[in-house]
Amino acid sequence: MRLLVTGFISDEARQTLENLDWQIDLRGAEDLVAEDKFIAALKGADAFVSGGLETASAKVIESSDRLRLIAFLGAEYASYIDVNAATKRGQARFGQIIGFAFVRDNHAFRVTCSTHGFTLLEIHE
């Protein structure tokens with residue numbers, strides 16, 4: 001499975017996911033601000049960890065072909081993720097959304113929540 005990450009991922013979380021055979025595509029915090037670049041980067045991604053300045057608009061979410069989990073690192077997630085579009089997409093394609101993790105910017109909490117969400121994807125694969 002493929003994970004797109006913007007901003008930061010801890011070494012511990014990265015190692016855990018790589019041990020589960022995840023392919024990690026790490027981008028800088030400002031790399032996907034342009035919507036067309038964001039859409040292209042999400043192609044083939046099963047999960048997305050948002051730690052950058054990009055906005056997961058309805059257009060971005062609807063254009064993703066495999067996305068099943070979004071983890072947001074920080075506060076004010078609704079400013080960066082169209083939650084209604086993500087929920088609708090999850091219901092339309094999978095019967096239910098497998099997971100959203102909106103987590104505070106706290107290292108231990110980020111690792112726990114994100115790893116739990118990716119474990120759920122492994123179970124449902």
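Asp46 is a good place to start in this predicted model: with a relative accessibility of 2%, Asp46 counts as buried, because the cut-off for that label is under 20%. Its side chain meets that of Arg66 in a salt bridge, 2.5 Å from N to O. Here two distant parts of the chain are linked, since Asp46 sits in the loop between helix 2 and strand 3 (47-50) and Arg66 in the loop between helix 3 and strand 4 (69-73), 20 residues apart. Unlike its buried partner, Arg66 is partly exposed, at a relative accessible area of 36%.

That pair is one of 5 salt bridges found in a search of the whole structure. Let's move on to Asp25, which belongs to strand 2 (residues 23-27) and is buried at 15% relative accessibility. A salt bridge of 2.7 Å, N to O, joins the side chains of Asp25 and Arg2. Arg2 lies in strand 1 (residues 2-6) and Asp25 in strand 2, so this pair ties together parts that are 23 residues apart in sequence. Arg2 is buried as well.

Asp25 has further company. Its side chain also makes a polar contact of 2.8 Å with the side chain of Arg27, and salt bridges with shared partners join Arg2, Asp25 and Arg27 into one network. Leaving aside residues up to four places away in sequence, Asp25 touches Arg2, Leu3, Leu4 and Val5.

Finally, turn to the helices. Glu35 and Lys59 form a salt bridge whose closest N and O atoms are 3.7 Å apart. Glu35 is in helix 2 (residues 35-42) and Lys59 in helix 3 (residues 58-63), 24 residues apart. Glu35 is partly exposed, with 33% relative accessible area.

How values were computed: Residues numbered from 1 in each chain as written. Predicted model: local features only at pLDDT ≥ 70, side-chain atom pairs only at ≥ 80, totals over all residues. Heavy atoms only, no water. Helix = DSSP H or I, 4+ residues; strand = E, 2+ residues; numbered from the N terminus. Buried < 20%, exposed > 50% of the residue type's maximum accessible area, 1.4 Å probe, protein only. Polar contact = N/O pair within 3.5 Å; in protein donor to acceptor, adjacent residues only side chain to side chain. Contact = heavy atoms within 4.5 Å. Salt bridge = Lys/Arg side-chain N within 4 Å of Asp/Glu carboxyl O.
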